[in-house]
Amino acid sequence: MKLRQILLATAILLAPGFALAGEDVTMVPPPALDQTTPAKSETIVLAGGCFWGVQGVYQHMKGVSSAVSGYSGGKKETASYEIVSGGDTGHAESVEVTFDPKTVSLGKILQVYFSVVHNPTELNRQGPDSGTQYRSAIFTTSADQEKVAKAYIAQLDKAKVYSDPIVTKVSSLEKFYPAEAYHQDYATINPTQPYISYYDLPKIENLSKLFPQDYREKPVLVSEAKASN
């Protein structure tokens with residue numbers, strides 16, 4: 001956490017204002033291609049910077065039944081925060097999003113990902129965080145998901161929605177490793193923590209403003225899911 005806190009302190013000192021600053025938002029159009037045969041439940045793993053904010057956004061989306069912070073892209077032996085933070089494990093801080101396609105489509109999940117979750121044109125970094133563990137990546141769990149994700153990226157690039165090319169990598173999920181318990185529900189548990197209030201709460205607020213029909217006030221939490229099992 002030390003490096004993240006140092007970078008945050010620097011950003012705060014340089015910023016003209018503190019409250020709800022965060023990162024720039026780009027409202028992107030919905031995908032032209034979406035899934036046509038939704039299952040009862042579906043899972044996709046998304047990486048877009050620090051997993052605290054990514055998890056926080058999807059926990060507030062209607063139709064999402066679970067959003068778990070973790071690691072993807074590397075081996076089981078290196079799937080721990082201290083090791084992943086070194087930036088050389090192949091892992092990305094990721095969030096496993098489980099959703100009901102009858103309530104929220106894969107296309108909407110991805111539209112939120114490209115609109116408010118992160119900046120997909122930043123290579124191996126997001127905001128104050130730098131390193132391959134903060135890269136933009138989509139780990140798919142089916143050929144259909146891969147087709148939709150790649151077609152969407154091509155659509156957005158062709159439309160020049162962003163001033164720079166999208167660097168998001170799409171690949172099949174090999175394994176997802178849940179993060180340590182203290183990383184779960186972090187944005188909800190620590191709303192006044194400087195990093196959360198400056199970078200992550202604005203993402204959740206942007207979800208409520210840009211996608212009001214898909215936003216829910218009460219988040220679906222990992223801790224509550226465990227308590228009910």
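**Helix α2, C50 and the sheet**

User: Looking at helix α2 (residues 51-59), how many of its residues are buried?

Analyst: This is a predicted model, and in it helix α2 is mostly covered. The buried residues include F51, W52, V54, V57 and Y58, and also G53, G56, Q55 and Q59. So the count, with under 20% relative accessible area as the cut-off for buried, is nine of nine.

User: And C50, is that one buried or exposed?

Analyst: C50 sits in the loop between β1 (42-48) and α2. The unreviewed UniProt entry annotates C50 as "active site". Buried means under 20% relative accessible area, and C50 comes in at 6%, so C50 counts as buried.

User: Which strands stand at the edges of the sheet?

Analyst: The sheet is open, with six strands in the order β7-β6-β1-β3-β2-β8 and mixed pairing. Each edge strand has a single partner, so one side of each is left without a neighbour in the sheet. Those strands are β7 (169-172) and β8 (176-178).

User: What is the bridge partner of V64 in β3?

Analyst: Strands β2 (residues 64-72) and β3 (residues 92-99) run antiparallel, joined by eight bridges. V64 belongs to β2, and its bridge partner in β3 is F99.

User: At about what angle does helix α4 run to β1?

Analyst: Two helices are worth a look here. α2 lies across β1, β2 and β3, running at about 165° to β2. Helix α4 (residues 106-117) lies across β1, β2, β3 and β6 (136-140), and its angle to β1 is about 15°.

Definitions and conventions: Residues are numbered from 1 along each chain as its sequence is written. This is a predicted model: local features need pLDDT of at least 70, side-chain atom pairs count only at pLDDT 80 or more; totals for chains, interfaces and linings use all residues. Side-chain values use heavy atoms; hydrogens and water are left out. Buried means under 20% relative accessible area, exposed over 50%, partly exposed in between (1.4 Å probe, protein chains only). Helices (H or I, at least four residues) and strands (E, at least two) are DSSP runs, numbered from the N terminus. UniProt positions are given in the numbering used here, feature names are shortened, and annotations may be inferred rather than shown by experiment. Two strands pair if DSSP finds at least two bridges between them. Contact means heavy atoms within 4.5 Å. Axes are lines fitted to C-alpha atoms, for helices over the stretch in contact, and angles run from 0 to 180 degrees between N-to-C directions.
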